[in-house]
Amino acid sequence: MSSVIGNKIKLSVFGESHGEAIGCVIDGLPCGIKLDFDEIKREMARRAPGNDKTATARRESDTPIVLSGVLNDRTTGAPLAMEIKNTNTRSGDYGNLMSVPRPSHSDYPAYIKYHGNNDVRGGGHFSGRLTAPIVFAGAVAKQILKEKGIVIGAHISRIGSACDDHFNKNTICEAELDAVTHKQFAVINDAVEAEMRACVEAARIKGDSVGGSIECAAVGLPVGLGGNMFDTIESRLSAALFGIPAVKGVQFGAGFGFAEMLGSEANDGYEIRNGRVALLSNNNGGVLGGMSSGAPVVFSVALKPTPSISIPQKSVNLQTMENETLVVKGRHDPCVVPRAVPVIEGITAVTLLDLMM
């Protein structure tokens with residue numbers, strides 16, 4: 001089982017949902033970077049469980065403990081190691097999952113691959129809890145990128161049938177990204193928050209869950225970042241994004257909408273603006289030939305509903321090899337989308353910083 005990503009900047013994530021701790025090691029960071037730990041804690045709080053009715057009732061402070069790589073709040077150049085203690089586990093809730101796998105979860109393939117040795121408590125290493133270290137790493141990467149003039153932000157674009165406004169792909173700016181990422185509920189149009197919350201609550205009351213999507217943007221990237229063929233911005237970001245539990249779709253710019261367009265509609269024209277080459281539109285999401293075009297990099301991800309629901313589901317008993325009805329116990333998110341926003345931003349920051357190196 002490998003949980004390492006990156007070339008110049010390597011991120012390794014470790015731990016299990018109900019183990020002693022979770023954490024990460026970031027290798028390759030430049031030395032002398034002043035880190036704002038208040039900002040890191042703010043980012044961690046955006047993802048932390050138990051802070052909102054749309055999230056699991058499990059409460060964890062998600063306080064990061066830096067073990068190495070930082071002295072007097074500055075990076076030393078050594079690997080930056082961090083851990084987060086798990087303090088609120090109820091492992092007994094997962095006893096029946098040792099034999100009866102949850103539909104749409106990792107339980108069954110992991111049982112076969114690891115010969116029944118996988119930790120199913122809270123999902124083990126397959127749990128969304130492992131995204132907390134990604135947010136930490138992303139918060140560090142964001143601060144380094146901001147010094148280079150690069151800013152990343154995301155918002156909830158859909159939960160169920162409720163939809164937010166979209167970023168203007170060509171004019172989105174740092175101030176707009178900062179504004180939405182500082183909201184408790186990350187939407188552009190505040191009027192849609194109540195409708196989204198109602199979708200989540202309706203699913204929660206029924207013991208069900210609901211999916212959604214997130215739109216993310218990065219501004220300030222230099223032209224030509226990335227490469228063609230197999231080292232494109234799209235391929236590098238997609239590989240990282242699909243490492244996040246529940247992500248099942250990624251599209252850049254107009255994405256699948258290109259299938260309905262003519263070339264004359266899809267093409268992004270050029271103009272000289274303030275003495276520089278600029279794009280008239282940004283249907284391609286800021287990436288051409290796998291390289292940054294100078295326009296904002298804009299993409300969307302789709303997240304599936306949480307598999308752990310309390311409604312009875314059809315499954316099988318892997319010990320008796322008979323059909324069995326499964327009722328999942330424990331505390332689970334009725335919707336992972338709101339808490340996934342800083343995770344998407346975080347893994348995007350880590351990937352872009354790696355490309356910048």
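This tour walks through a predicted model, one selection at a time.

**Stop 1: the sheet**

Start with strands 8, 9, 10, 11 and 16. Together they make an open sheet of 5 strands. Read across the sheet and the order is 9-8-10-16-11, with antiparallel pairing. Which strands stand at the edges? They are strand 9 and strand 11. Each has a single partner strand, so one side of each is left without a neighbour in the sheet. As background, strands of a sheet pair through backbone hydrogen bonds, either parallel or antiparallel.

**Stop 2: strand 8**

Now select residues 151-159, which form strand 8. Is this strand mostly covered or mostly open? It is mostly covered, with 8 of its 9 residues buried.

Add residues 212-219 to bring in strand 10. Strand 8 and strand 10 pair in the antiparallel sense, over 8 bridges. For one of these partnerships, pick Ala 154 in your viewer and look for Cys 216 in strand 10, its bridge partner.

Next, add residues 162-163, which are strand 9. Strand 9 runs antiparallel to strand 8, and 2 bridges join them. Arg 158 has Cys 163 of strand 9 as its bridge partner. Ile 159 stands opposite Ala 162 in strand 9. Strands 8 and 9 form a hairpin, with 2 residues between them. Click on Gly 160 in the turn: its phi is positive, about 60°.

Before moving on, show residues 174-181, which are helix 4. Helix 4 lies across strand 8 and strand 10. The helix runs at about 55° to strand 8.

**Stop 3: two rings**

How many aromatic pairs does a search of the whole structure find? The search finds 1. Select Phe 252 and Phe 299 to see the pair: their ring centres are 5.4 Å apart and their planes meet at 45°, so the pair is tilted. The two rings link distant parts of the chain. Phe 252 belongs to strand 11 (residues 247-252), while Phe 299 belongs to strand 16 (residues 297-303). They are 47 residues apart. Both Phe 252 and Phe 299 are buried.

**Stop 4: helix 8**

Select residues 337-356 for helix 8. It has 20 residues. From its first C-alpha to its last it reaches 28 Å, close to the 28 Å expected at 1.5 Å a residue. Helix 8 is mostly covered, too: 19 of its 20 residues are buried. Keep in mind that an α-helix has 3.6 residues a turn, so residues three or four places apart point the same way.

Zoom in on Val 337, which lies in this helix. Val 337 has a relative accessible area of 0%, so it counts as buried. What does Val 337 touch, leaving aside its neighbours within four places in sequence? Its contacts include Ile 156, Arg 158 and Ile 159. Gly 211, Gly 212, Ser 213, Ile 214 and Leu 303 are also in contact with Val 337.

**Stop 5: Val 135**

Jump to helix 3 (residues 131-147) and pick Val 135. At 2% relative accessibility, Val 135 is buried. Now show Ile 347 as well. Val 135 and Ile 347 are 212 residues apart along the chain, yet their C-alpha atoms are separated by 7.4 Å. Not counting residues up to four places away in sequence, Val 135 touches Glu 43, Met 44, Arg 47, Pro 342 and Val 343.

**Stop 6: Arg 236**

Go to helix 6 (residues 233-241) and select Arg 236. Is this arginine buried or exposed? Arg 236 is buried, because its relative accessible area is 17% and the cut-off for buried is under 20%. Show Asp 354 next: a polar contact of 2.6 Å joins its side chain to that of Arg 236. Leaving aside neighbours within four places in sequence, Arg 236 is also in contact with residues including Asn 7, Asp 231, Thr 351 and Leu 355.

**Stop 7: two loop residues**

Most residues other than glycine have a negative phi. Here are two with a positive one.

Select Asp 73, in the loop between strand 5 (70-71) and strand 6 (74-75). Asp 73 is not a glycine, but its phi is positive, about 65°. Asp 73 is partly exposed, at 36% relative accessibility.

Finish at His 115, in the loop between helix 2 (107-113) and helix 3. His 115 has a positive phi of about 55°, and it is not a glycine either. At 69% relative accessibility, His 115 counts as exposed.

Key. Residues numbered from 1 in each chain as written. Predicted model: local features only at pLDDT ≥ 70, side-chain atom pairs only at ≥ 80, totals over all residues. Heavy atoms only, no water. Buried < 20%, exposed > 50% of the residue type's maximum accessible area, 1.4 Å probe, protein only. Helix = DSSP H or I, 4+ residues; strand = E, 2+ residues; numbered from the N terminus. Pairing = 2+ DSSP bridges. Phe/Tyr/Trp six-rings, centres within 6.5 Å; stacked < 30°, edge-to-face > 60°. Polar contact = N/O pair within 3.5 Å; in protein donor to acceptor, adjacent residues only side chain to side chain. Contact = heavy atoms within 4.5 Å. Expected span 1.5 Å × (residues − 1). Axes fitted to C-alpha atoms, helices over the stretch in contact; angles between N-to-C directions.
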